[in-house]
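User: Hi! I've just loaded a new model and would like to talk through how its helices pack. Can you walk me through it?

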Amino acid sequence: MPAESTGAFRRGFWALAPLWLGVVPFAAAYAITARSAGLSLIETQALSVLVFAGSAQFSAVGLFAVGTAGAEIVLTTFLLNVRHLLYGVSLGREFELARRERPVAAFGVAAASKERSFRFLLGVELSLFTMWNLATLGGFVLGSALPDPERLGVDLIFPLAFLALLVPLVRTRAELVVALGSGVAAYVLARSLPGGLPILVTGIGGSLLGAYLTRNSPPDRTVRPDDAAREVA
């Protein structure tokens, strides 16, 4: 691998380091929940490897614990993950990826950085993926020896970390309106709608609101240079 590509991968990998503090207890809590629900180590780890979506994994093991039918578990997980379609559309517009790179990039996260190389994105993906799976394994193996992360309050770290990453991205009035409107809508809908419907409805609604507010704005065709990574979500 060329030195430049290696450097981009390394920058992407370490750009996610600030989020590890939230990822580790979140994944450990999932593993403990899965173990309590009766899942084996292989089943628990397989969800982290193949699904790799915290909210969907928590929902799946919770439904499994109460004997929910498989079809309902799959449907709920699907609704929770529909938001990734929106992420994919956004990612496809931000990164210039070759056709063979897109399947790999589909497992990634949107980067709040000016760097737009595939190697950088790959580093971002593997950073979060590696820590999530290591913490899942550790949480399951240690089991009851670990304190409940929710009782310690560390379950708030992950959402707060993403909130901190959102703030620098809000640069215009339209973006502020979409961010605040989506947050309020998600809170209200979560109190009345089941499963992943609040996320699905809020994601679609926020996207439509953003499109409406920026309907008269010219498209941003600025070519962004490969600067060092700052923050990634």
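Analyst: Happy to! Let's begin with H3 and H8, where Leu-41, Thr-44, Gln-45, Ser-48 and Val-49 of H3 meet Phe-129, Trp-132, Asn-133, Thr-136, Leu-137 and Phe-140 of H8; contact means heavy atoms within 4.5 Å. This is a predicted model, where local features need pLDDT of at least 70, side-chain atom pairs count only at pLDDT 80 or more, and totals for chains, interfaces and linings use all residues. Residues are numbered from 1 along each chain as its sequence is written, and side-chain values use heavy atoms, with hydrogens and water left out.

User: How do the residues of that H3 and H8 contact divide into nonpolar, polar and charged?

Analyst: Six are nonpolar, five polar and none charged. Here Ala, Val, Leu, Ile, Met, Phe, Trp, Tyr, Cys and Pro count as nonpolar, Asp, Glu, Lys and Arg as charged, and the others, Gly among them, as polar.

User: And at what angle do the axes of H3 and H8 cross?

Analyst: Roughly 165°, with the axes coming within 10 Å. H3 and H8 are therefore roughly antiparallel to each other (angles over 145 degrees count that way, under 35 as roughly parallel, 65 to 115 as roughly perpendicular and the rest as oblique).

User: Let's zoom in on Ser-48. Buried or exposed?

Analyst: Ser-48 is buried, at a relative accessible area of 0%; buried means under 20%, exposed over 50% and partly exposed in between, using a 1.4 Å probe and protein chains only.

User: Which residues does Ser-48 touch?

Analyst: Leaving out residues up to four places away in sequence, Ser-48 touches Tyr-30, Gln-57, Phe-129, Trp-132, Asn-133 and Thr-136.

User: Switching to H2: how do its axis and that of H8 cross?

Analyst: The axes of H2 (residues 17–36) and H8 (residues 118–142) come within 7 Å and cross at roughly 40°. That makes H2 oblique to H8. The residues of their contact divide into 16 nonpolar, three polar and one charged.

User: Nice. What about the largest nonpolar core, how many residues has it?

Analyst: It has 14 residues, and those with the most contacts inside it are Leu-16, Trp-20, Val-23, Leu-128 and Trp-132. Such a core is a set of buried Ala, Val, Leu, Ile, Met, Phe, Trp, Tyr and Cys residues joined through side-chain atoms within 4.5 Å.

User: Which helix gives the largest share of this core?

Analyst: H8 does, with six residues.

User: And what lies apart from it?

Analyst: Another core, of five residues, including Tyr-30, Ala-34, Leu-39 and Val-61.

Technical notes
Axes fitted to C-alpha atoms, helices over the stretch in contact; angles between N-to-C directions. Helix = DSSP H or I, 4+ residues; strand = E, 2+ residues; numbered from the N terminus.
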